[in-house]
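Biologist: Can you take me through this structure? I would like to begin with the cysteines and move on from there.

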Amino acid sequence: MELFTVVRFNCWRACLFGWFWIAILLLLHGSKEVLSDPNYLIGLGSYDITGPAADVNMMGYANTEQIASGIHFRLRARSFIIAEPQGKRVVFVNLDACMASQIVAIKVLERLKARYGDLYTEKNVAISGIHTHAGPGGYLQYVVYIVTSLGFVRQSFDVLVDGIEKSIIQAHENLRPGSIFINKGELLDAGVNRSPSAYLNNPAEERSRYKYEVDKEITLLKFVDNQWGPVGSFNWFATHGTSMSRTNSLISGDNKGAAARFMEDWFEQSGVRKMYSDESGQKRIPRRVSDIISNQPNNHHELLELAASFQSPPGKPATRTLSVARRVRGALRQADKPAFVSAFCQSNCGDVSPNVLGAFCIDTGLPCDFNHSTCGGKNELCYGRGPGYPDEFESTRIIGERQFKKAVDLFGKASETLKGKIDYRHAYIDFSQLEVKISKQGGDAKVVKTCPAAMGFGFAAGTTDGPGAFDFKQGDDKGNPFWKLVRNVLKTPDKKQVDCQHPKPILLDTGEMKQPYDWAPSILPIQILRIGQLAILSVPGEFTTMAGRRLRDAVKTVLSSGSKGENLHVVIAGLTNSYSQYVTTFEEYEVQRYEGASTLYGPHTLSAYIQEFKKLAGALITNQPVEPGPQPPDLLDKQISLLMPVMMDSTPRRANFGDVISDVLQNSTFKRGEIVTAVFWSACPRNDLMTEGTFALVEILEGKDDWVPAYDDDDFCLRFIWSRPAKLSARSKATIEWRIPNSATPGVYRIRHFGASKSLFGSIRHFTGSSSAFVVA
C-alpha cells in the first residue's frame, strides 16, 4: 500500500516512426484473413470514473499532503463480457483506480442483480484495479485504507459504482457474435525489482528457472466482432502504477491508464477501424482535427487576422450538457458502431517498479543501500528514477508507451483462438485463522495457520517508489521501542499474534482493531474465470513476482490434469474484487522488506492462497461446486467522513465565473512543442465531476466562426490545474496548459474552461469561459 492524432500522440512526443505504423497496419490487414467462425458472444464497454479533482487525498502513497488539484487525464472503467451463446458468461472490469474495493463490488453486484437478476453475480464478475497512485481515495470500507482521506469520500465511491455499472451495461448491450484471439510476448524495459534483496532470499534453484527477477511476459486478448472486426483488447502485465510520484496532485491513470488512452486513440486514428468497416461503405466519422478541418488558410497573416477577431469574452452561464457535447471522444463517436476499448490490466506487481533507472539518494546521487533502500540510514532520501527522470509526466508517457507499443505488436500478430467452455469458481475465505497444509522435506506435511491481519515496521518505511517518514526502514525484523509504545496506545498485540506473525515486528495490529469499525479485512474473495484455454486468477492483493509464479504454476498443474492437450494460459489479475495489501513468499517474508511487512496474514499467506486456489481449480475440472464461504461485511452504513463539504464559490467583484485572469497574448503565434496557458476564475470541481464531460478544452476554428473540439482533459497533452489562494477560500482559479503536439494541425485555436459554481444556498450553476484566439503555425 504505498498507499499509482494522427494528431494526438505527439502530446507525448513523436516516437513511433512511419515504418512502424505501416508494418502494424499490414499485420492487422493480414489478420483479417485469419478470422474464424465466432465462438462466443462478446461485448465491451467503457465509462468515465474520474472522481473529485479537488480537496480529496489520493489513494496509494498514504501521503497526507498529496491532495487532488486537477486532472492529468481522465480515469475509466473498461469492461468485457464473454458468453457462450447458450451457456455461461464472465465479466471482467478494469478500473483506472488504485485497487478494487469490497464495498464497491458489493454495491455494483446489488445493482446488477436488480437489473439482470442472477445473470451477473460475485461468481462470474471480476473487478480489478490498475494500481494508479494518482486517483482520489476514500472508497474502501476498512479504516486503515481511508485514514489519509479523512474517512469515507462518498463522491469517490459513487463515481466508481456508477461507472462500473454503466460500463457493464454497455458491454451487455454490445454483446454480439465474435472471436477472441490470445497472444503473449516479452516486454523487457517496463519494470524492475524494487526489493531485490528479498527476491534473492528465494531458493537459488527456484530462481535459476527464471531469466529475470520480475515477470516480463504480457498476455493479450484481441476481441473481434463478427461484423465490425476488432473492437478491443485487454492485456495483463506486471508493473506498478507509480510513474507519477507521491507529490503529484493531478488525477492520472499513470502508465497503464496512459497506455490504454494511447491504444484507443491509435486504433481510431490509424485507419484500422476503416479497414474493418462494413460493406455498406458508410463514411467513418473522423475523430481528429486533421481529418475534420479542411480548407484552412495557409497564409500566416490570414490566420493572425482571424485570431485577432476572437478576443476573450466574459465568462457566461452554460448547461451541464454543453461540457459533455464538446467532449472530443464523445461528440464524434459513431452511434451504430461499438467504440474500441483497450485495457491494460495489472498482474503480480508487488515488487515491480516502473522506475527502471534504479533507486538513488537525492542528496548524493549515489545508489541507495541494497538491503534497506536507505541513504545514510534514512529511507526518506531514497527514490527510484523513471526513464524520463526528473520529469514524472515523461516517465509516465515512456512506460505507458512501451506497454502500448508491445500491445499493438501482439494485437497485430494474434492468431491463437480461444476455444472451449466458459466456467468460473468463486469463494470467500477467512484468512485470519485458516488452517493450511504445507509439505515438509521427506514428503510429510504439517498444518499451520494464518494470522489476523497485522502490518510490520517495514511497512511504514515505504518503498523506493514512495518512501515513508521518520526513522523506519525496510528489512526491520525487530522494531523500535518508541514506536511500540505508540502502537500500544491503539492496540497491543498478544503473544499468540506476535508468535504467529514472526519474524514480523507488529506496528499495527489491524486485524484485531475494531473501533469504530474493522481496520482491515479478514474475509476475502478468490476467483477463477475460465475462457477456453485461458484461466484468469482474481486475487485481492499485490503478489510479488515469485509469489505469483508459484500460484500460477500450482493452478496450472491442477488445470492441466483435466485438459486434453490444451495450451493453457494462466494469468493473475491483481488487486481484484477486494484489497488486502501484499503477498510474498515465505522466504521473502523473512526479510521483512516493505512487501513482507505488508503481507497481512503472516508467513503462510501465500501457502493459504495456493491451497484455496487449487481447490477452485480442482472443482473446475471435476465440474463440482465449491462452498461459498462466509460473506464479507457491508460497512457502508458505518462509514465516517471528516472531509469538509464545499460551502460556496465566489469571484472578485465585477468578475464572472469563467472570466479570464491571465489570457493568451494577443496576436500570438505558437510552434509545436511549446506550451500555451490560460487562467480562469473558477469554482470547486467537486460541485460537478463533469463525468463523461471535460473541464478543459482546446478548440480549432473551422471556416470563419465554427469552433471544433480538438483536445480535452482526457488528453495527455492538456492539463487542468485547479487552485485556491487559501484552504478555506471560496475563490479559486483554473489553469489550463496545452503542450502543443508536433502533429497539431496549423490553424487558429482557443482554450476553453467549463465548471460549476455553488451558491451560499446550495444551488449549482454551470459556466464556461474562453481565452483569446491564437495561431499554431
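Modeller: We will go through the disulfides, a helix, some backbone details and a pocket, and the model is a predicted one.

Biologist: How many disulfides does the structure hold?

Modeller: The structure holds three disulfides. In general terms, a disulfide is a covalent bond between the sulfur atoms of two cysteines.

Biologist: What is the pattern of the disulfides along the chain?

Modeller: Counting the bonded cysteines along the chain, the pattern is 1-3, 2-4, 5-6.

Biologist: Which cysteine is joined to Cys-361?

Modeller: Cys-361 is joined to Cys-375, with an S to S distance of 2.1 Å. Cys-361 sits in strand E15 (residues 358–361), while Cys-375 is in the loop between E15 and strand E16 (382–385), and the two are 14 residues apart. The torsion about the S-S bond of Cys-361 and Cys-375 is about -95 degrees, so this disulfide is left-handed.

Biologist: Are Cys-361 and Cys-375 buried or exposed?

Modeller: Both Cys-361 and Cys-375 are buried.

Biologist: And what about Cys-368, which cysteine does a disulfide join it to?

Modeller: Cys-368 pairs with Cys-382, at 2.2 Å from S to S. Cys-368 is in the loop between E15 and E16, and Cys-382 is in strand E16, 14 residues apart. The link of Cys-368 and Cys-382 is right-handed, with 110 degrees about the S-S bond. Both Cys-368 and Cys-382 are buried.

Biologist: Where does Cys-451 come in, and what parts does its pair tie together?

Modeller: Cys-451 forms a disulfide with Cys-500, and the S to S distance is 2.0 Å. Cys-451 lies in the loop between strand E20 (445–449) and strand E21 (455–456), and Cys-500 lies in helix H15 (residues 495–501), so the pair ties together parts 49 residues apart in sequence. The link of Cys-451 and Cys-500 is left-handed, with -90 degrees about the S-S bond. Cys-451 is buried, with a relative accessible area of 0%.

Biologist: Why is there no bond from Cys-98 to the closest cysteine sulfur?

Modeller: The closest cysteine sulfur belongs to Cys-349, and the sulfur of Cys-98 is 9.3 Å from it, which is too far for a bond. Cys-98 counts as buried, at 2% relative accessibility. Cys-684 also counts as buried, at 1%.

Biologist: Changing topic. What span should helix H19 have?

Modeller: Helix H19 covers residues 605–622, which is 18 residues, and at 1.5 Å a residue it should span 26 Å. Its end C-alpha atoms are 26 Å apart, so the two values agree.

Biologist: How many residues of H19 are buried?

Modeller: 13 of the 18 residues of H19 are buried, so the helix is largely enclosed by the rest of the structure.

Biologist: Which residue follows H19?

Modeller: H19 is followed by Asn-623, which has a positive phi near 60 degrees.

Biologist: What other residues have a positive phi without being glycine?

Modeller: Asp-55 is one of them, with phi about 75 degrees. Asp-55 lies in strand E2 and counts as buried at 18% relative accessibility. Glu-692 has a positive phi near 60 degrees. Glu-692 lies in the loop between strand E30 (675–682) and strand E31 (696–702), and it counts as buried at 13% relative accessibility.

Biologist: Where are the cis peptide bonds to Pro-390 and Pro-516?

Modeller: A cis peptide bond joins Tyr-389 and Pro-390, with omega about 10 degrees. Pro-390 is in the loop between E16 and helix H12 (392–413). Another cis peptide bond joins Gln-515 and Pro-516, with omega about 0 degrees. Pro-516 is in the loop between strand E22 (506–508) and strand E23 (523–531).

Biologist: Last topic, pockets. What volume does the second largest pocket have?

Modeller: The second largest pocket has a volume of about 650 Å³. It is lined by 29 residues, and those closest to its centre are Asp-55, Arg-686, Arg-724, Lys-727 and Leu-728. The elements that give two or more residues to this lining are strand E2 (54–59), strand E3 (67–71) and strand E33 (718–723).

Biologist: How many nonpolar, polar and charged residues does that lining have?

Modeller: The lining of the second largest pocket has 16 nonpolar, eight polar and five charged residues.

Key
Residues numbered from 1 in each chain as written. Predicted model: local features only at pLDDT ≥ 70, side-chain atom pairs only at ≥ 80, totals over all residues. Heavy atoms only, no water. 1 Å grid on protein atoms, 1.4 Å probe; cavity = no way out; pocket = protein on both sides within 12 Å on 5 of 7 lines; lining within 4 Å. Points joined across faces, edges and corners; volume = space filled by probe spheres on them. Helix = DSSP H or I, 4+ residues; strand = E, 2+ residues; numbered from the N terminus. Nonpolar A, V, L, I, M, F, W, Y, C, P; charged D, E, K, R; others polar. Expected span 1.5 Å × (residues − 1). Buried < 20%, exposed > 50% of the residue type's maximum accessible area, 1.4 Å probe, protein only. Disulfide = S-S within 2.5 Å.
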